[in-house]
Amino acid sequence: MKILKDSFIYLFGELFAKALPFLLLPYLTRKLGVAGFGELSFYQTVFSLLVIFFGLSQDGALTRYYYFYGKRNVNNLMLTGYTYTATLTALGLLFAWFQQSLVLASVICASASQTILGTQLAWRQCQKRALAYTAIQTSNGVLTSVLTVLILELTTEMPIVMRFVGFLLGNLIVTVIAYWLARREQPKSHFTWRRMAYSASYILAFGTPLLLHHASGFVKGQLDRIIIYQSYSAEQLGIYSASLQVAMILSILLMSLNKATVPHFYHALKEGKLNANKVRKITLASLLAVPIPALITFMLPERLFTWFLGANYIGTHAYICLFLIGFGLTIPYYLLVNFLFYHGQNKLISLISLASAGIYLIALFITAKLGLIWIPFAMITGNFAILPILYYFVREPKQAT
């Protein structure tokens, strides 16, 4: 019963945290304008890339260490991770100073704060404190959103910088409070250079191989905006990015639904109620659901989207429909990949994901030359291309003799 309760709490926190950027979208699109929102989208992509390198999967390393080796050295592991993040942040700020880029400096600091907050969340998750985890997650989302609006209303200078300053301040406030509340609960440990070296070697050994996996996800989820920023105007990128943000509500819903149903999916596999053949049949049937969100959106008038985003965001309707097809393809993807995850085929999944990213990359460079409206087809191509490969490998594992 506690598992179901905790799952619901995590699901609520995830939905609420992911919904806040969507609710903030109409404000930002109007406040920044089309070109400003396009520029913000580019730096959000830089932010996502920096989080990968600053984080180096510290949250996952902490969780695994807690369950495999216990909690005696966890505090040293966290401090070592903070030291690693601080070192990269200092190097990044030095580069920003040479570039004389205040916006880059704000992005670097915001990325570092996101990494540290992620470690605090992982610490709660290790102890199965679902309420504390969700409280941190939701309060951080609310605070960063409120601070962003407050700062942008108080000043008209450098709005892109101010957006990341609001994000940074919100992260820091919540992280400091979370650390203060947990300081008595964390095990006492003596911080030595030897233990720091041991912790650093563990983090590097765990996180370095995952850089390729995260890089693959970054290519499929963020690289298009970098290419658009280099080849098209900021206004065009603004329309493209706003459309993507609206369509992502489907991705958020499907991701949350997947998290909620995975335990039941695994239980059905364990009990024999599901097998490879049934999963394949359900996957084929689910393809019928893929275009439904796009078809419903296609029948809606475009003035509905210009009312939501702003009068200058004309043309978002077509992009949203295309993105919805791309996100809709994650329905059969979740069915297939969860079967492989259940049977421990992690290495196979990583290789298939890498191949999918390569296909997406080729499609992206081709479509970018054809025109902006063609670029969403790169997402559709990459997401569709992975399905036949996964479908092929979904089969009952051979029994050991």
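Colleague: Which helices each supply at least two residues of the lining of the largest cavity?

Modeller: Good place to start, and please keep in mind that this is a predicted model. Rolling a probe the size of a water molecule over the atoms shows where empty space is left. Here the two helices are α2 (58-69) and α3 (74-99). Of these, α3 gives the most to the lining, with 3 residues.

Colleague: How many cavities of 30 Å³ or more are there?

Modeller: The count comes to 1 cavity, and its volume is about 30 Å³.

Colleague: Which residues line the largest cavity?

Modeller: You can pick them out in the structure: Gln58, Leu62, Leu77, Met78, Gly81, Thr119 and Ile203. Sorted by class, that lining has 4 nonpolar and 3 polar residues, with no charged ones.

Colleague: Now the pockets. What is the volume of the second largest pocket, and what lines that pocket?

Modeller: The second largest pocket has a volume of about 220 Å³. Its lining is made up of Leu254, Leu257, Asn258, Thr261, Val262, Phe265, Ser286, Thr330, Ile331, Tyr334, Leu335 and Asn338. Two elements, α9 (234-271) and α14 (330-342), give two or more residues each to this lining. The largest share comes from α9, with 6 residues. By class, the lining of the second largest pocket has 7 nonpolar and 5 polar residues, and again no charged residues.

Colleague: Let's move to helix packing. At what angle do α4 and α6 pack, and how far apart are their axes?

Modeller: Two packed helices are described by the angle between their axes and the distance between the axes. For α4 (residues 102-126) and α6 (residues 159-182), the angle is about 30 degrees and the axes are 8 Å apart. Angles under 35 degrees count as roughly parallel, so α4 is roughly parallel to α6.

Colleague: Is the crossing of α4 and α6 left-handed or right-handed?

Modeller: That crossing is left-handed. If you look at the residues in the contact of α4 with α6, there are 18 nonpolar, 6 polar and 1 charged.

Colleague: One more feature, then. How many salt bridges does the structure hold?

Modeller: Side chains of opposite charge can pair when their charged atoms come close. This structure holds 2 salt bridges. One of them joins the side chains of lysine 31 and glutamate 153, at 3.3 Å from N to O.

Colleague: Where in the chain do lysine 31 and glutamate 153 sit?

Modeller: Lysine 31 is in helix α1 (residues 2-55), while glutamate 153 is in helix α5 (residues 130-154). The pair links distant parts of the chain, 122 residues apart.

Terms used
Residues numbered from 1 in each chain as written. Predicted model: local features only at pLDDT ≥ 70, side-chain atom pairs only at ≥ 80, totals over all residues. Heavy atoms only, no water. 1 Å grid on protein atoms, 1.4 Å probe; cavity = no way out; pocket = protein on both sides within 12 Å on 5 of 7 lines; lining within 4 Å. Points joined across faces, edges and corners; volume = space filled by probe spheres on them. Helix = DSSP H or I, 4+ residues; strand = E, 2+ residues; numbered from the N terminus. Nonpolar A, V, L, I, M, F, W, Y, C, P; charged D, E, K, R; others polar. Axes fitted to C-alpha atoms, helices over the stretch in contact; angles between N-to-C directions. Parallel < 35°, antiparallel > 145°, perpendicular 65-115°, else oblique. Left-handed = near helix turned anticlockwise from the far one by under 90°. Salt bridge = Lys/Arg side-chain N within 4 Å of Asp/Glu carboxyl O.
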